[in-house]
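Here's a quick look at a structure, with an eye on its fold, its charges and its cysteines. Have the viewer open as you read.

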Amino acid sequence: MNPLEMLKKDWKTKNYEQDYLNSTQLGMLLHKRSSNIVKWLFIIGIAEFAFWNLLRFLMPEDYLSIYESLHIQNAMLAFDIFNTLVLIFFLWMFYKNYRAISVFDNTLMLMKKILKTRRTIKIYVIYNLSVIALGLIVVNIFLYFDQTVLISYLEKNSGKINDPEKFIKMYFIAELVIGVLMILLLGLFYRLIYGILLKKLNQNYRELKKLAS
Amino acid sequence: MQNATYKCNKFYPILKGIDEQEFLKILEANQNLVHKVCSLYTSDRASRQDLFQEICVQLWKSYANFRGDSKFTTWMYRVALNTALSLHRKEKKFKQNTGIDFFIEKLEATPYDPTEAEQLKLLYKAIHELSDIDKALVFLYLEDKNYKEISEMMGISEVNARVKMNRIKKKLKTVLNP
């Protein structure tokens, strides 16, 4: 017999009777907690929206006084409004993509929709990282050209500074190093989370996509 | 096809007034199919139970949108494979069992013929080593689905499904005649 016909015949006789559950047991299964990729994606997505917005509340209040001394508080307020609009846009996109995920779609479509939901969060994270980087650069440029503001702010918080010139130099270098390090670390963190979560899905998606064309 | 969106609320079918008992009865009668998919995609008991549960949950969630549409089993194939390929991630770390044993433990059911049994063992072992996507194709082939159905279910072109399946068949045959 053709080995594949033989296989087919055997496959048809396969039954897993000893693993069968009765309807009561099956009913219990339905109400147990499930953990799947889409659920995790949703949880992590919401956690990220929360994280980036909590970050703004955690800023020390007198930090705003620096903006005032630099006369950029209006620009900062305008940016805050813009940022909130961006947040609403991303939340809406995220929700829309998430709702579109259907286990009844064909496999390729389902994978596409899951990855699209993930991409929304990815772009949001990249947006936030860029905003931080840009903000860091802009504020530091202003501070660089108006160093007295910086010195008086720092002296107010931590006492007299002896060698302002040397201190300022160290300050900018430290700011740069810490800023770059933070962004790299956050980027790595996201890669890790999504890398672990979506490894299998990405692999299957690539393989299936090849067969679709 | 109806507009079947993923519902995050697992009580959604209840809210839509769908009888859980009725669903459970149909699921109970057709569960062998789900067990088959699970045996294909996992290599130990814990992972198998895990995937089995996830598929049941997904079937229940989407049951509301299935009603009146296509055959129950066709819909089950779709949801079960989609869950295994796209939604399910977890493979339990500790392996209590050496995978393949599970897959071939049913061999006793076939009439005893040493060469045939040995060949089947080799074939199942080869299937178990295939990629997730290839496994899905083999599964649908073994379940007698035609290429049109396979291509619709997976979202790939019919030609490519055929070409790929032929390649897998050839690969499986070479396992027997290396």
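What follows is a short tour of this predicted model.

## Chain A at a glance

Let's start with the overall build. Chain A has eight helices and zero strands, so there's no sheet to look for, if you go by the strand count. Going along the sequence, the pattern reads α-α-α-α-α-α-α-α.

Chain A has 213 residues, and 37% of them count as buried. Take the contacts in chain A with a separation of 6 or more: 78% of them come from residues 24 or more positions apart. As for the surface, chain A exposes about 13100 Å², with carbon and sulfur atoms supplying 68% of that.

## A greasy spot on the surface

Which residues make the nonpolar surface patch? The members are A:F51, A:L54, A:L55, A:F57, A:L58 and A:I132, and together they make a patch of about 620 Å². Helix α3 of chain A (residues 37-58) gives the largest share, with five residues.

A:L54 is a handy one to click on. This leucine sits in helix α3 of chain A, and its relative accessible area is 52%. The cut-off for exposed is over 50%, so A:L54 counts as exposed.

## Salt bridges, within and between chains

Now for the charges. Side chains of opposite charge can pair when their charged atoms come close. Over all chains, the count comes to nine salt bridges.

A:D19 is worth a look, as it pairs with two arginines of chain B, B:R45 and B:R48. With B:R45, the closest N and O atoms are 3.6 Å apart. This pair crosses between chains, running from the loop between α1 (3-13) and α2 (23-30) of chain A to helix α3 (residues 45-66) of chain B. With B:R48, the N to O distance is 3.1 Å, and that pair also goes from the loop between α1 and α2 of chain A to helix α3 of chain B. How covered are these side chains? A:D19 is buried at 13% relative accessible area and B:R48 is buried at 8%, whereas B:R45 is partly exposed at 37%.

Inside chain A, A:K113 forms a salt bridge with A:D105, and the closest N and O atoms are 2.7 Å apart. A:K113 is partly exposed at 23% relative accessibility, while A:D105 is buried at 13%. Elsewhere, A:K8, A:K12 and B:D144 are joined into one network by salt bridges that share partners.

## A buried histidine in chain B

B:H88 is in the loop between α4 (72-87) and α5 (100-104) of chain B. Buried or exposed? At 3% relative accessibility, B:H88 counts as buried.

The side chain of B:H88 makes a polar contact of 3.4 Å with that of B:D50. Setting aside neighbours within four places in sequence, B:H88 is in contact with B:D50, B:L51, B:E54 and B:T83, plus A:K200 from the other chain letter.

## Cysteines without a bond

How many disulfides turn up in a search of the whole structure? The search finds zero over all chains. Take B:C38: the closest cysteine sulfur, in B:C56, is 7.7 Å from its own, and a disulfide needs the two within 2.5 Å, so the gap is too far for a bond.

Both cysteines are tucked away from the surface by the numbers: B:C38 is buried at 1% relative accessibility, and B:C56 is buried at 0%.

How values were computed:
Residues numbered from 1 in each chain as written. Chains lettered and ligands numbered in written order. Predicted model: local features only at pLDDT ≥ 70, side-chain atom pairs only at ≥ 80, totals over all residues. Heavy atoms only, no water. Patch = residues over 30% accessible without salt bridge, like charges linked within 9 Å, V, L, I, M, F, W, Y side chains within 5 Å. Areas by Shrake-Rupley, 256 points an atom, 1.4 Å probe, with all protein chains shown as cover. Salt bridge = Lys/Arg side-chain N within 4 Å of Asp/Glu carboxyl O. Helix = DSSP H or I, 4+ residues; strand = E, 2+ residues; numbered from the N terminus. Buried < 20%, exposed > 50% of the residue type's maximum accessible area, 1.4 Å probe, protein only. Contact = heavy atoms within 4.5 Å. Polar contact = N/O pair within 3.5 Å; in protein donor to acceptor, adjacent residues only side chain to side chain.
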